Each structure stands twice: as C-alpha cells, then as structure tokens.
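Please walk through this structure with the account below, which moves from single buried residues to a helix pair and then to the charged side chains.

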Amino acid sequence: MLIDYHTHHVRCGHAVGELEEYVRRGIEIGLDQIGLSDHMPLLHIDLATYYPEMAMPLDELPRYVEECLNLKEKYKGQIDIRLGLEGDYIEGSEEAIERIIRVYPWDYVIGSVHFLGEWDITDHRQVHGWDGCNRLEVYQTYYDAVQKAAATGFYDIMGHLDVIKRFGYHPGVEAAAEVEALENAALVAVAKNGVVMELNASGLSKPCAEMFPSGRMLREAFRMGIPLTVGSDAHDPKKLGENLDHARRELWEIGFRELAVFEKRQRMMVPLEV
C-alpha cells in the first residue's frame, strides 16, 4: 500500500494548491491512501500582529473538514482519503487544542512541535531566534515539549520528531551525547504512550539535508518497537510523495516491514512496499 500522510494546502497560507489538486495528484502517482493534514489554527498568538501566512484561520477549520469529507465521497473507489490535522502542541494551550481535536471526525491527528513560546523554530523568517542563545538549552526546551505532547493522548502520530535540526543549528560535537540523550528520551515518551512516529521525508530538501528523524533515531525506534508511518510534508501538489521512495527503502533496510495507517482514530498496520 502506497501512502502519504502529511500534506498541506492553500488554506494554511504558506502552501499552494487546493485539496482536490492533491487528491488528483495522488491518483496520478498511484497512492492508495492520501492523508489531508493541514495545520491547526494557531491558538496562542495574535495573527494580526504576528508573521503572516502561518496557518488557516479558525473560521476556516469547519470548511476544511467539510471539503475533505466531500472529496472522500467524490473519489471513493479511486483513492482512500483520510481526514487529518497537524495539531501543534503548545504548552499552556492544551484545553483549546483538545477542543479542536475532540469536536471533529478526524481519522488521525499529527502532533508536532513548531513553537517554543511565540518562536516558530521551523519558520525561515525566524532563524534570528538562534542568535546569541544557548543552543543546548533550546534543544532541551524543544525535546521537553515533544515528550509532553506525546503524553497528552491528543495525537495519533508524532510528526518530524527532530525538526529542531531543520536549519542546521546544533549545540556542537561537544554536546552530542546530551543531544542523543534528549532524542532518546523523546523516543521513550513516544513508545511509552503508544504513539506512532512519522518518517517525514521533507528534511532531505531542507538545510539539514536529512529526513526527520535521523537514521540513528529510526534504528532506535525500531529497537523500541515504535510503529512508523510516512509523509512528504508536501506544500505543493507537485511535491506529493516526494522522497517517499527513499523513506520506504531506509525503513526496509532498518528492518521495518509494516506502516501504520488510520481510520476514525483507529490504527491499522499495512505491508511496507519498497
């Protein structure tokens, strides 16, 4: 079964392409399942005074869900569409996040940490946030948030677990052991809480030039028995499925033979194809 469980579309403001374009592209490239998983509206910042084009407005969320469900019916028999959400974990906003997750009929929810306070560490416009900071302390704060997200019970999949490395900012070789311990603690939290982990292939096209998470973390996840799924994190229909052949091969070489898929928040395992 060929799947792509991480996609974004024009509603989020920083992607292109309508939902239906992604569905048609999925059919064209032979996907069996496509997960539509746009960004949850941001709840902890004032979009009027913040960086533009970060996520869909809150009043667009029901329209997004309705459109996904309509497309699911329209393309039944051609491709299986899964209604997803990439739901930011924001410490202190748990009640508001839970309301959004509980009220809609999601097939799955990806838990991702983008924000440390009001700093989006994945936004190229905000890399100045690294200036003058203690990088190891930033990593500690990030991985602490990942562990807390995994423990909430809100999420089915933990997304791009080591995305903190996206722009190549690292505490340095002298802190390698500390960073590895932080990564392993995050993996333990994922395993302990029974959450699936995503192999996000988009990192190959980012400054870090490595998928999220790293090969080392994938091998550790395999040892811990953490189930995996895959996503391209496409922000353009043309990039749907990008580098997922590479992702599947790497998982196969490590020893994975199944991928996790979801329907109505219920996990199923399907054969991994390479």
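Helices, taken as H or I runs of at least four residues, and strands, taken as E runs of at least two, are DSSP runs numbered from the N terminus. With that numbering, Phe 256 falls in the loop between α7 (244-254) and β10, in what is a predicted model. Phe 256 counts as buried because its relative accessibility is 6%, and buried means under 20%. Leaving aside neighbours within four places in sequence, Phe 256 is in contact with Leu 218, Ala 221, Phe 222, Ile 226, Leu 228, Leu 251 and Leu 272. Lys 76, by contrast, lies 180 residues from Phe 256 in sequence and 29 Å from it in space, C-alpha to C-alpha.

Ala 221, one of the residues that Phe 256 touches, also takes part in a helix pair. Two packed helices are described by the angle between their axes and the distance between the axes. For helix α5 (residues 176-192) and helix α6 (residues 215-224), the angle is about 35 degrees and the axes are 10 Å apart; the crossing of α5 and α6 is right-handed. On the α5 side the contact is made by Glu 180, Glu 183, Asn 184, Leu 187, Val 188 and Ala 191, and on the α6 side by Arg 216, Met 217, Glu 220, Ala 221 and Met 224.

Glu 220, which belongs to that helix contact, also forms a salt bridge with Arg 223, the closest N and O atoms being 2.6 Å apart. Because Arg 223 and Glu 220 are three residues apart in helix α6, about one helical turn separates them. The two partners differ in their surroundings: Arg 223 counts as exposed, at 58% relative accessibility, whereas Glu 220 counts as buried, at 17%. Elsewhere, salt bridges that share partners join Arg 11, Glu 60, Arg 63 and Glu 67 into one network.

How many salt bridges does the structure hold? The total is 21 salt bridges, and some of them link distant parts of the chain. In one of them the side chains of Glu 263 and Arg 82 meet, at 3.8 Å from N to O; Glu 263 is in strand β10 (residues 258-263) and Arg 82 in strand β3 (residues 80-88), 181 residues apart. Glu 263 counts as partly exposed, at 35% relative accessibility, while Arg 82 counts as buried, at 8%. In another, the side chains of Glu 210 and Lys 165 meet at 2.6 Å, N to O. This pair also links distant parts of the chain, with Glu 210 in the loop between β8 (196-200) and α6, Lys 165 in the loop between β7 (157-158) and α5, and the two positions 45 residues apart. Glu 210 is partly exposed, with a relative accessible area of 32%, and Lys 165 is buried, with a relative accessible area of 12%.

Side chains of opposite charge can pair when their charged atoms come close. What, then, is the nearest side chain of opposite charge to the buried Asp 4, which has no salt bridge? That side chain is Arg 248, 8.1 Å away, and a salt bridge needs a separation within 4 Å, so Asp 4 and Arg 248 do not form one. Asp 4, in strand β1 (residues 3-4), does have a polar atom of its side chain 2.9 Å from the backbone nitrogen of Gly 241. Not counting residues up to four places away in sequence, Asp 4 touches ten residues' worth of surroundings that include Leu 31, Gln 33, Ile 34, Val 230, Gly 231, Gly 241 and Leu 244. Gly 231, one of those contacts, lies in strand β9 (residues 228-231) and, at 0% relative accessibility, counts as buried. The residues in contact with Gly 231, leaving aside neighbours within four places in sequence, include Tyr 5, His 6, Glu 198, Leu 199, Asn 200 and Ala 201. The C-alpha atoms of Gly 231 and Asp 131, 100 residues apart along the chain, are separated by 31 Å.

A last stop is His 114, in the loop between β4 (108-112) and β5 (115-116). His 114 counts as buried, at 6% relative accessibility, and its side chain makes a polar contact of 2.6 Å with the side chain of Asp 88. The side chain of His 114 also makes a polar contact with the side chain of His 160, at 3.4 Å. Asp 88 and His 160 are among the residues that His 114 touches, not counting residues up to four places away in sequence, and others include His 39, Glu 86, Trp 119, Asp 120, Ile 121 and Thr 122.

Key:
Residues numbered from 1 in each chain as written. Predicted model: local features only at pLDDT ≥ 70, side-chain atom pairs only at ≥ 80, totals over all residues. Heavy atoms only, no water. Buried < 20%, exposed > 50% of the residue type's maximum accessible area, 1.4 Å probe, protein only. Lys, Arg positive; Asp, Glu negative; His and termini not counted. Polar contact = N/O pair within 3.5 Å; in protein donor to acceptor, adjacent residues only side chain to side chain. Contact = heavy atoms within 4.5 Å. Axes fitted to C-alpha atoms, helices over the stretch in contact; angles between N-to-C directions. Left-handed = near helix turned anticlockwise from the far one by under 90°.
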